[in-house]
Amino acid sequence: MAHCIVPAAELILDKEFKVLDKGFVRMVDYFGSDQRIVQAARVSYGDGTKSISEDEALIDYLIRHQHTSPFEQVVFTFHLKMPIFIARQWMRHRMGRMNEMSGRLSVMKEEFYIPSIENMDPQCKDKLERALTPLDADEAKAIQKDFEKGQKKSYESYKSLIEKGLAREIARINLPLSTYTEFYWQMDLNNLFRFLKLRLDSHAQLEMREYAKIILELIKTVCPMACDSFENCILKSVSFNGKEIAALRKVMAGEANPLSGKELDRFLTKFRSGQQL
Ligand SMILES: Cc1cc2nc3c(=O)[nH]c(=O)nc-3n(C[C@H](O)[C@H](O)[C@H](O)COP(=O)(O)OP(=O)(O)OC[C@H]3O[C@@H](n4cnc5c(N)ncnc54)[C@H](O)[C@@H]3O)c2cc1C
């Protein structure tokens, strides 16, 4: 089978999907589809003899058995706009290929992220958890104003340094992490699933999760069967360590749970932590 064209994906290709206050995700291109995964896995059998339900079962089998190579045959290119502090987390996914706008070649735009009132949580004891009680709305509004003031001040200083003739690469160094950046990003489906598992988790930063949610919806148009299996077998799954499996066996046999303290807390949390999208 030559180039895959998926009508549902063609409809949304190149459209901007808004994220946060000024960001977006745009699926620029895709290469492959569910059919390409199946075709790659059945390389020795050829295509056209299997029904859709058999294709679905094959994709599910591949995901369940971590036979990941056929998923690397599907590739996506996105155009993303996000604050620099999120882009820094994004870049840690090293299997992605990217090309970012340059603050050396172009003048940075006056575009900064301001978190909404609901996104301004107090610091939680567990640093990667979100606080249960949000900040008081008036306090959050005052912080928004403070952010705005700082951003305006740093952009004014940036602009005046540019006007004085300072090199753009130096003039930009006091711009904050909330400054928006843009980049093209390419990732294969296997590594994209890995990215989504990590970044849709409740421990990932909320702003990052907002981008990851949209990416999942966009790639569903290209490979709905693979995404369905991913959601069921990986995204909504949890893993248990040896002690936890032993405890599960005891509980299922009607015996008392041998775990206690933090081990018990972590064990019980797992029953609440499977992704519920
Ligand atoms: C909640 C959370 C908190 C985090 N906190 C931090 C933090 O404080 N500081 C920080 O620096 N990062 C942090 N990270 C990033 C994290 O450590 C990973 O770098 C990131 O999630 C990318 O995962 P990855 O390596 O699996 O993906 P990719 O980089 O896309 O790599 C995919 C796979 O390829 C292989 N691979 C890629 N590059 C290499 C390499 N150079 N050598 C060997 N194998 C390689 C690995 O098997 C890897 O699993 C955090 C991530 C999350 C989700």
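In the predicted model, Phe240 is partly exposed, its relative accessible area of 26% lying above the 20% under which a residue counts as buried. The ring of Phe240 is paired with that of Phe271, and because the centres are 5.6 Å apart and the planes meet at 40°, the pair is classed as tilted. Phe240 belongs to the loop between α9 (224-235) and α10 (242-252), whereas Phe271 is part of helix α11 (residues 261-273), so the pair ties together parts that are 31 residues apart in sequence.

Aromatic pairing recurs elsewhere in the chain, the count coming to 15 aromatic pairs. One of them joins Trp185 and Phe195 in a tilted arrangement, with 5.2 Å from centre to centre and 50° between the planes. Since Trp185 lies in strand β5 (residues 180-188) and Phe195 in helix α7 (residues 189-199), this pair ties together parts that are 10 residues apart in sequence. Both Trp185 and Phe195 are buried, and the two residues also belong to one aromatic cluster, together with Phe76, Phe78, Trp90, Phe183 and Tyr211. Charged side chains are placed over aromatic rings as well: the charged end of Arg36 sits over the ring of Phe31, 5.6 Å from its centre, and Lys81 lies over the face of Tyr180, at 5.6 Å from the ring centre.

The largest nonpolar core holds 49 residues, of which Phe76, Phe78, Trp90, Leu196 and Ile219 touch the most other members. Helix α8 gives the most to this core, with nine residues. Apart from this core lies another, of six residues, among them Met108, Tyr155, Tyr158 and Leu175. When residues up to four places away in sequence are not counted, Leu196 touches Ala212, Ile215, Leu216, Ile219, Phe230 and Leu235.

Helix α8 (residues 206-222) has 17 residues, which at 1.5 Å a residue should span 24 Å, and the end C-alpha atoms of the helix are 25 Å apart, in agreement with that expectation. Of the 17 residues of α8, 13 are buried, so the helix is largely enclosed by the rest of the structure.

At the level of the whole chain, the secondary structure comes to 11 helices and five strands, and the C-alpha atoms fill a box of roughly 70 × 55 × 25 Å along the principal axes. Buried residues make up 38% of the 277 residues. Among the contacts with a separation of 6 or more, 73% are accounted for by residues 24 or more positions apart. The domain assignment gives domain 1 (7-113 + 178-237) and domain 2 (240-277), and the centres of domain 1 and domain 2, taken over C-alpha atoms, are separated by 32 Å.

Backbone geometry was also examined at two residues. Asp14 is not a glycine but has a positive phi of about 75°; this residue is found in the loop between α1 (7-12) and β1 (16-19), where Asp14 is partly exposed, with a relative accessible area of 45%. Leu20, likewise not a glycine, has a positive phi of about 55° and is found in the loop between β1 and β2 (23-31). Leu20 is partly exposed, with a relative accessible area of 22%.

Note on methods: Residues are numbered from 1 along each chain as its sequence is written. This is a predicted model: local features need pLDDT of at least 70, side-chain atom pairs count only at pLDDT 80 or more; totals for chains, interfaces and linings use all residues. Side-chain values use heavy atoms; hydrogens and water are left out. Rings of Phe, Tyr and Trp (its six-membered ring) pair if their centres lie within 6.5 Å; planes under 30 degrees apart count as stacked, over 60 as edge-to-face and the rest as tilted. Helices (H or I, at least four residues) and strands (E, at least two) are DSSP runs, numbered from the N terminus. Buried means under 20% relative accessible area, exposed over 50%, partly exposed in between (1.4 Å probe, protein chains only). A charge sits over a ring if NZ of Lys or CZ of Arg is within 6 Å of the ring centre and within 35 degrees of the ring normal. The expected span of a helix is 1.5 Å times one less than its number of residues. Domain bounds come from an automatic or database domain assignment. A nonpolar core is a set of buried Ala, Val, Leu, Ile, Met, Phe, Trp, Tyr and Cys residues joined through side-chain atoms within 4.5 Å. Contact means heavy atoms within 4.5 Å.
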